[in-house]
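Biologist: I'd like to understand the words people use when they describe a model like this one. Could you take me through them, one value at a time?

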Amino acid sequence: MNRAIYPGSFDPVTYGHLDIIKRSADLFGELYVGVLNNTSKSPLFSVEERVNMLKEATADISNIKVVSYSGLLVDFVKEVEASVVVRGLRAITDFEYELQLAQTNHVLYPEADTMFLTARLEYSYLSSTTVREVASFGGDITKFVPKKVAEKMYEKYGIDKK
Ligand code: ADP
């Protein structure tokens with residue numbers, strides 16, 4: 001079975017990520033969503049919280065596994081025996097970094113390949129960073145993330161939206 005990994009920080013998961021997840025799950029037999037546990041960054045949500053939010057948001061997709069990983073992406077790819085890494089491209093600004101990452105990973109582990117899905121036009125402006133910024137000032141983020149994620153974000157920032 002063709003197994004792919006969609007890795008990222010997902011801090012928090014947005015509708016842009018979810019669109020890439022749905023489309024990838026249609027393309028591959030099995031999709032692992034890999035949530036990066038990056039100890040050098042201090043994320044808004046813990047890795048457990050990010051995994052749980054993703055699990056909830058993707059509960060209706062049967063061929064998905066949401067798991068956390070730390071360390072090198074290629075080691076995670078080897079561990080779960082995946083052959084493809086999926087990444088999303090929003091704009092030209094993503095391209096340079098993504099190209100570098102894909103080529104580095106290919107040198108480290110030529111058995112796997114990176115495939116890019118282009119962001120849907122309606123989500124191409126959307127990033128977790130922007131969502132965090134808007135939420136921190138109490139702005140409306142319901143067009144960017146699922147309702148439950150929005151509630152958790154306001155809670156983190158101590159904003160009462162009721
Ligand atoms: P990282 O923290 O590794 O930069 P993210 O967790 O923000 O990554 O995103 C994971 C992947 O999803 C990346 O390939 C990124 O380009 C892609 N992505 C992020 N936001 C969107 C979006 N709105 N539409 C499509 N792809 C996206």
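**Around the ligand**

Modeller: Gladly! An oxygen atom of the ligand is 3.3 Å from an N or O atom in the side chain of His17. This is a predicted model, in which local features need pLDDT of at least 70 and side-chain atom pairs count only at pLDDT 80 or more, while totals for chains, interfaces and linings use all residues. Residues are numbered from 1 along each chain as its sequence is written, and side-chain values use heavy atoms, leaving out hydrogens and water.

Biologist: What makes the pair of His17 and the ligand a polar contact?

Modeller: A polar contact with the ligand is a pair of N or O atoms within 3.5 Å, so the 3.3 Å at His17 qualifies. A polar side-chain atom of Tyr6 is also 2.6 Å from a ligand oxygen. At Leu126, a polar backbone atom lies 3.0 Å from a nitrogen of the ligand. With the protein in place, 88% of the 550 Å² of accessible area that the ligand has on its own is covered (Shrake-Rupley method, 1.4 Å probe).

Biologist: How do you know which residues surround the ligand?

Modeller: A residue counts as near when one of its heavy atoms lies within 4 Å. There are 16 residues around the ligand, and the closest are Tyr6, Ser9, Gly88, Tyr123 and Leu126. By class, this shell has 7 nonpolar, 5 polar and 4 charged residues. Charged here means Asp, Glu, Lys and Arg; Ala, Val, Leu, Ile, Met, Phe, Trp, Tyr, Cys and Pro are nonpolar, and the others, Gly among them, are polar.

**Pocket and cavities**

Biologist: Why is the space taken by the ligand called a pocket?

Modeller: On a 1 Å grid over the protein atoms alone, a pocket is an open set of points with protein on both sides within 12 Å along at least five of seven lines. The ligand takes up the largest pocket, and a molecule sits in one if more than half of its atoms lie within 2 Å of its grid points. About 1000 Å³ of space lies in the largest pocket. It is lined by 41 residues, with Gly8, Ser9, Phe10, His17 and Arg87 the closest to its centre. The largest share of that lining, 6 residues, comes from α4 (a helix is a DSSP run of H or I with at least four residues, a strand a run of E with at least two).

Biologist: What makes the other spaces cavities?

Modeller: In a cavity a 1.4 Å probe fits but cannot get out, and lining residues have an atom within 4 Å of a point. The structure holds 2 cavities of 30 Å³ or more. The largest has a volume of about 60 Å³, and its lining includes Leu73, Tyr109 and Asp113. In that lining, 7 residues are nonpolar, 3 polar and 1 charged. The second largest cavity has about 30 Å³, and Arg87, Glu98 and Phe116 are among the residues lining it. Here α4 gives the most, with 4 residues.

**An unusual loop**

Biologist: What makes Phe10 and Pro12 worth a look?

Modeller: Most residues other than glycine have a negative phi, and most peptide bonds are trans. Phe10, however, has a positive phi, near 50°, and the peptide bond from Asp11 to Pro12 is cis, with omega near 5°. Phe10 sits in the loop between β1 and α1, and that loop also holds Pro12.

Conventions. A polar contact is a pair of N or O atoms within 3.5 Å; within protein, one must be able to donate a hydrogen and the other to accept it, and residues adjacent in sequence count only if both atoms are side-chain atoms. Grid points are joined across faces, edges and corners, and a volume is the space filled by probe spheres set on the points.
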